[in-house]
Amino acid sequence: MRTTAQPPYPAHWEADVVLRDGGTAHIRPITPADADRLVGFYERVSEESKYHRFFAPYPRLSARDVHRFTHHDFVDRVGLAATVGDDFIATVRFDRIDERGRAAAAPADRAEVAFLVQDAHQRRGLAAALLEHIAAVARERGVRRFVAEVLPGNSRMIKVFTDAGYAQRRGFADGSVQLTLDLAPTAESVAVMRAREQRAEARSVQRLLAPGSVAVIGAGRRPGGAGRRVLAALLDADFPGQVYAVNAALPSGWTTLGGAPAHRSIRDVEGPVDLAVLAVPADRVGAVLEDCGAHGVQGLVVMATGHTRDEQRALVHRARSLGMRILGPGAFGLINTAPTVRLNASPAPHLPRTGRIGLFTQSAAIGIAVLDELERCGAGLSTFVSAGNRADVSGNDVLQYWYEDRDTRVALMYLESLGNPRKFTRLARRAATAGTPVVVVRGGRHSGGASPGGHAVPAGGRRAPEATISALLGQAGVIQAGTATELVDTGLLLAWQPPPAGPRVAVLGNAEALALVAHDSCRAQGLSPLPVTALDPAAAPADYRRALTAALAAPDVHAAIVTTVPTTALPAPDPDDGPAPSAVALPAPDPGGPLRAAPGPSGLGPGDGPGSHEVAAPSRPHTGADAAPSGTGTPHASGPGTRTRGPDPRSAPHLPGPGEGGAAPPVPESGGPGPGTPARDGAPDIAAGGAGSAAALATALHEVAADKPVLVVHHAVDRLADELHARGIPAYPSAERAVRALAHAVRHAGWLSHAAAPGRVPAYDDIDAAAARRILAAAVTDGPATLTAKQTTALLDAYRIPVPEARGAAEEGVDTVVRATVDPDVGATLSFGLAGAPSELLGDVAHRLLPLTDRDAVELVRSIRAAPLLFGWRGARPVDVAGLEELLLRLGRLVEDHAELAGVELAPVAVAPDGVSVRAATVRVGPPPARADLGPRRLPAY
């Protein structure tokens with residue numbers, strides 16, 4: 001008997017996927033070796049589901065059916081299965097057909113598709129995931145349309161097709177619904193896929209952060225080990241669920257360990273276990289993982305280190321195949337401070353206070369340091385995830401969770417590697433525009449391109465240049481901090497305060513020296529500080545309240561920095577000695593009263609320096625259950641015994657922003673203290689720096705309700721940080737730290753303004769895309785290649801990019817360099833700089849991610865340091881910047897339209913006063929790279 005050879009197995013079709021409920025499954029092609037699995041699967045399917053599949057009672061599969069459903073050529077007949085463990089839980093197949101519905105071969109581009117999902121796994125999103133994957137396979141094999149017949153009563157399957165987002169047609173014939181789907185990805189199908197991806201990945205993280213029960217495997221019999229510390233932390237946090245201790249060497253007769261029910265194996269635990277913390281050596285993790293899978297555990301925290309890359313890959317693959325996700329290896333653990341969860345599955349000694357900050361770290365040491373710094377600042381957390389090597393659960397997954405988490409207002413992330421930069425920037429941009437800024441510190445960014453040991457990175461280990469990654473993160477709205485301390489400082493501000501609407505900052509305080517440090521720091525960070533407002537060293541809380549009220553009422557103030565230091569009261573003087581100061585502090589009190597304008601560097605006006613422009617940004621008032629309550633403040637007194645200096649003549653005039661106008665509100669009369677007057681009787685003594693003074697000062701500052709951010713810099717004022725944080729005001733131990741955080745917030749507010757009006761991608765009607773396709777099709781035949789000079793000129797001319805042969809070379813001007821690069825991990829980027837030393841020696845190059853809008857082009861040209869050379873520097877004639885911007889837009893459109901383009905270099909591009917011309921060009925082409933971001937959904941495979 002003649003047998004047909006089995007075609008090569010398409011291993012690249014295999015994928016791990018996250019399902020709607022957060023569980024995982026493995027999708028792979030069906031082969032002849034799956035005959036028994038297919039029969040067992042079919043036996044577990046209900047009679048109703050079988051009827052919906054075959055349109056008739058079909059209790060069992062015949063031998064012919066089994067052969068047909070397991071033998072495929074992977075071209076005209078393809079079958080895929082979703083598996084958990086070694087069992088099928090769902091299948092899908094397509095058979096190529098002609099226009100009459102008969103079996104056919106290529107080049108026929110239609111196929112009939114059919115699904116079957118085991119009843120116990122329905123409503124988990126399996127059919128939707130399988131449709132994405134079988135559609136991708138079909139497109140690869142030249143199938144352009146799916147047809148399906150569905151019984152009218154099978155509403156769930158009809159919904160799978162109609163909700164997929166593909167262009168489709170629907171009819172009714174012979175008692176069944178006839179559906180036809182065009183398989184070309186559409187904007188709607190990509191949006192549907194990404195929405196499903198977000199819900200599934202967020203749910204998978206939620207299962208880790210909000211488990212109903214936790215087992216600590218490897219909890220020692222004596223206190224001190226990692227497992228016992230985690231066990232104690234869970235119990236001390238009052239975790240409301242069940243906690244189990246597992247120790248393989250548990251002595252006979254022991255039923256508890258460290259206050260929790262104890263067992264020798266997780267298989268012995270009678271109840272369900274949602275989360276298992278594995279505090280066992282690396283060589284035992286594999287065996288424990290199998291036990292957890294058999295027990296139905298949903299997620300694992302692997303604390304051990306020392307796995308090889310192959311061992312790590314095998315652990316992740318096995319865990320996903322069993323429906324579990326892994327945090328680690330090398331994970332520090334998980335924390336969720338929500339009152340209904342109170343999870344501390346980490347060695348951290350206690351559960352942090354509840355707050356609005358979400359924290360993700362890859363380094364356990366950095367995680368510990370950031371937790372400690374937040375504690376010192378009086379701040380709290382919503383959730384904390386320490387992923388170690390992030391072999392499975394990554395920062396992208398946690399961003400998906402934070403996107404819909406109402407308790408997280410700002411995301412802090414310490415990253416040592418980026419496994420999928422394209423996806424990360426997309427998720428970070430979405431989070432930031434939705435009101436959850438993402439602040440990142442990247443470790444190892446100057447390590448020469450090597451990934452940290454054990455960290456999961458895409459196969460090949462390629463990393464995009466640091467400058468490119470940094471520019472793309474900035475374009476996506478990611479706030480890039482330089483240190484872990486800066487990460488915390490920025491998070492404290494963004495978690496509680498509204499975004500500043502511009503760069504003008506009021507600085508006030510009871511120590512002129514400290515206020516001047518804050519003023520100078522603002523200038524150094526590109527902000528525009530107003531003249532310092534100095535309070536008396538012995539100023540009372542009411543004085544701070546009045547001064548802050550007056551400062552924030554000014555329309556040309558966008559934020560305020562309050563500085564305060566403790567002072568020491570002196571004993572009462574002898575009446576014969578004359579008047580004495582009320583306190584000793586720096587500086588000495590001004591006889592003019594508690595509020596005065598100290599001479600200092602001027603504010604910046606338009607054109608005075610960087611950061612002088614005003615930025616429109618949405619305001620975010622204090623709202624929500626944990627927002628600080630608003631109060632009313634009284635404008636600063638101007639009554640007897642007080643005086644306020646007029647504006648510093650060196651300061652810039654106020655330029656009203658949108659909706660602003662007129663002067664500050666009038667200052668009502670009220671009795672402020674006179675010259676040299678000490679704090680009023682009965683008022684808390686701020687000078688003493690005690691707990692009472694801290695509470696009074698914090699209350700006074702909080703009572704000044706405003707939609708402008710307020711930051712406090714304090715030196716050695718007892719409990720002030722705690723009191724301020726309780727009222728939603730961030731406190732910093734140094735002026736430099738506060739100003740850096742404020743500068744990040746100002747730049748982020750500017751980015752939000754840009755994101756709200758990003759510009760448009762021009763639609764040119766003079767391009768010849770068909771001609772460009774013909775040129776590229778002729779060039780891409782045997783793999784990567786470089787176009788000839790003639791091909792290059794023709795390609796550029798098809799998009800009306802000026803080349804010497806077509807437009808004539810410019811005789812004078814500024815030589816520039818324009819490059820377009822397509823990176824499978826990052827995406828297509830456009831780079832711009834001046835030719836020669838500025839770009840090659842100084843690295844003065846700007847980058848933008850495609851597609852490029854008209855606003856992007858304007859900013860790209862102006863973002864390099866050497867940009868003044870284009871605009872008439874030192875009396876030179878300005879060059880044709882508008883023509884340069886149009887060239888950038890046309891090149892961006894060319895690269896976006898044709899996936900065969902691997903890279904384009906235009907060097908030099910001569911920009912003259914009367915035109916732009918490409919002097920030389922190089923174009924690299926190749927087969928279009930796979931676009932993982934266009935689907936189907938799959939977890940990273942490393």
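Contact here means heavy atoms within 4.5 Å, and helix axes are lines fitted to C-alpha atoms over the stretch in contact. The structure shown in these views is a predicted model.

**View 1. Helix α6 lies across three strands of the sheet.** The strands crossed by α6 (residues 187-209) are β16 (333-336), β17 and β19 (381-386). Relative to β16, helix α6 runs at about 90°. The sheet itself is open and has seven strands, in the order β17-β16-β19-β18-β20-β21-β22, with mixed pairing. Its edge strands, β17 (343-345) and β22 (479-480), each pair on one side only.

**View 2. Strand β18 pairs with β19 and with β20.** Seven of the eight residues of β18 (residues 354-361) are buried, so this strand is largely enclosed by the rest of the structure. β18 and β19 run parallel and are joined by six bridges. Between β18 and β20 (residues 410-415) the pairing is also in the parallel sense, over five bridges. Gly 358 stands opposite Thr 383 in β19, and its bridge partner in β20 is Ala 411.

**View 3. Helix α10 links β18 to β19.** From β18 the chain passes through α10 (residues 364-376) and on to β19. This β-α-β crossover is right-handed.

**View 4. Strand β22 pairs with β21 at one edge of the sheet.** Two bridges join β21 (residues 438-442) to β22, and the two strands run parallel. Val 439 has Ile 479 of β22 as its bridge partner. Helix α13 (residues 466-475) lies across both β21 and β22, at about 165° to β21.

**View 5. Two proline residues follow cis peptide bonds.** Most peptide bonds are trans. The bond from Ala 106 to Pro 107 is cis, with omega near 15°; Pro 107 is in the loop between β4 (87-97) and β5 (110-117). Gly 328 and Pro 329 are also joined by a cis peptide bond, with omega about -5°. Pro 329 lies in the loop between β15 (325-327) and β16.

**View 6. Phe 74 and Asp 238 have positive phi.** Most residues other than glycine have a negative phi. Phi of Phe 74 is about 60°, and this residue sits in the loop between α3 (63-70) and β3 (77-84). Asp 238 has phi near 60° and is placed in the loop between α7 (226-236) and β10 (242-246). Phe 74 has a relative accessible area of 1% and is therefore buried, the cut-off being under 20%. Asp 238, at 53% relative accessibility, counts as exposed, because that class starts over 50%.

Definitions and conventions
Residues numbered from 1 in each chain as written. Predicted model: local features only at pLDDT ≥ 70, side-chain atom pairs only at ≥ 80, totals over all residues. Heavy atoms only, no water. Pairing = 2+ DSSP bridges. Helix = DSSP H or I, 4+ residues; strand = E, 2+ residues; numbered from the N terminus. Axes fitted to C-alpha atoms, helices over the stretch in contact; angles between N-to-C directions. Buried < 20%, exposed > 50% of the residue type's maximum accessible area, 1.4 Å probe, protein only. Right-handed = clockwise from strand over helix to strand, strands pointing away.
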